[in-house]
Amino acid sequence: MPQIEVRPALSADLQYLVAMDHSVEIQYVWQMERSLEEGQVNVGFREVRLPRTARLQYPRSPALLLQEWSTRSGGLVALLGGRPVGYLTLSDERAPATAWVLDLVVDTPHRRQGIATALLLAAEAWALPRGLRKMVLEMSSKNTPAIRLALKSGFEFSGFHDRYYANQDIALFFSRLLR
């Protein structure tokens with residue numbers, strides 16, 4: 001099996017990154033439940049199985065990556081055999097001392113091979129010398145594979161934002177302190 005290489009993304013990589021399949025097949029979603037009891041608002045999420053497998057489109061247009069690339073604080077690309085197979089973009093300007101992972105994408109044929117985990121570890125290595133003490137991942141409440149990756153990687157649920165994405169999906173936030 002070829003070794004995963006992670007390096008800073010180059011502008012020459014963008015054409016490959018945009019062309020990746022950003023969608024994901026899902027069988028579960030995190031459903032939000034709200035209730036108002038005695039002047040208190042309670043919000044919870046529970047995992048719900050869908051009646052059939054669905055394809056979840058990425059909440060941001062991959063084409064916008066070309067426009068937004070220069071506004072990101074950092075970008076990493078994962079390579080297998082010298083070919084880009086995944087990427088991650090970061091911002092260090094959304095919250096104090098925090099590396100915010102905006103995009104984490106692995107092309108469909110290469111998923112579940114440790115590439116996303118390698119990108120997260122490289123993002124941590126990117127963040128620590130910059131004095132960042134925390135990392136936040138954002139994802140759609142429908143993206144159960146990303147939620148499971150976050151939990152498996154030691155991230156904890158830390159909040160949500162209703163109608164966060166252009167498609168009106170709920171964003172979930174998972175965070176952890178950096179070592």
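Against which strands and helices do the buried residues of H4 pack? Keep that in mind while you select helix H4, residues 144-152, where the elements are DSSP runs numbered from the N terminus, with at least four residues (H or I) for a helix and at least two (E) for a strand.

The model in your viewer is predicted, and local features need pLDDT of at least 70, side-chain atom pairs count only at pLDDT 80 or more, and totals for chains, interfaces and linings use all residues. Residues are numbered from 1 along each chain as its sequence is written, and side-chain values use heavy atoms, with hydrogens and water left out.

**Stop 1: helix H4**

Within H4, colour Thr-144, Ala-146, Ile-147, Leu-149 and Ala-150, which are its buried residues; buried means under 20% relative accessible area, exposed means over 50%, and partly exposed lies in between, with a 1.4 Å probe and protein chains only. These residues pack against E2, E3, E6, H3, E7 and strand E9 (171-177), which answers the opening question.

Now select Thr-144, which is buried with a relative accessible area of 3%. Leaving aside neighbours within four places in sequence, Thr-144 is in contact with Ile-26, Tyr-28, Val-29 and Glu-47, where contact means heavy atoms within 4.5 Å. Draw a distance from the C-alpha of Thr-144 to the C-alpha of Glu-47, and you should find 8.5 Å in space, although 97 residues separate the two in sequence.

Next show Arg-148 and Tyr-28, where the charged end of the arginine sits over the tyrosine ring, 5.0 Å from the ring centre. A charge sits over a ring if NZ of Lys or CZ of Arg is within 6 Å of the ring centre and within 35 degrees of the ring normal. Finally, move on to Gly-154, which follows H4 and has a positive phi, near 90 degrees.

**Stop 2: helix H3**

Select residues 115-127, the 13 residues of helix H3, which reaches 18 Å from its first C-alpha to its last, close to the 18 Å expected at 1.5 Å a residue; the expected span is 1.5 Å times one less than the number of residues. H3 is mostly covered, with 10 of its 13 residues buried, including Ile-115, Leu-119, Leu-120, Glu-124 and Trp-126.

**Stop 3: from strand E2 to strand E3**

Show Arg-55 and Glu-25, whose side chains meet in a salt bridge of 3.2 Å, N to O; a salt bridge is a side-chain nitrogen of Lys or Arg within 4 Å of a carboxyl oxygen of Asp or Glu. Because Arg-55 lies in strand E3 (residues 40-56) and Glu-25 in strand E2 (residues 24-37), the pair ties together parts that are 30 residues apart in sequence. Then select Glu-33 and Arg-46, whose side chains also meet in a salt bridge, at 2.4 Å, N to O. This pair links Glu-33 in strand E2 with Arg-46 in strand E3, 13 residues apart. Glu-33 is partly exposed at 37% relative accessible area, and Arg-46 is partly exposed at 42%.

**Stop 4: around Glu-138**

Is Glu-138, in strand E7, buried or exposed? Glu-138 is buried, with a relative accessible area of 8%. Show its side chain together with that of Arg-94, since the two residues form a salt bridge in which the closest N and O atoms are 3.6 Å apart. Arg-94 lies in the loop between strand E5 (83-91) and strand E6 (98-106), so the pair ties together parts that are 44 residues apart in sequence. Arg-94 is partly exposed, at 42%. Salt bridges that share partners join Arg-60, Glu-68, Arg-72, Arg-94, Asp-103 and Glu-138 into one network.

Add Arg-60 and Trp-100 to the view, because polar contacts join the side chain of Glu-138 to that of Arg-60 at 2.3 Å and to that of Trp-100 at 2.7 Å. A polar contact is a pair of N or O atoms within 3.5 Å; within protein, one must be able to donate a hydrogen and the other to accept it, and residues adjacent in sequence count only if both atoms are side-chain atoms.**Stop 5: the aromatic rings**

The contacts of Glu-138 include Tyr-164 and Phe-173, which you can select next. A search of the whole structure finds nine aromatic pairs, counted when ring centres of Phe, Tyr and Trp (its six-membered ring) lie within 6.5 Å, with planes under 30 degrees apart called stacked, over 60 edge-to-face and the rest tilted. The rings of Tyr-164 and Phe-173 have centres 5.6 Å apart and planes at 85 degrees, so the pair is edge-to-face. Tyr-164 is partly exposed at 24%, whereas Phe-173 is buried at 11%. End with Trp-30, Phe-45, Phe-157, Phe-160 and Phe-174, which ring pairs link into a cluster.
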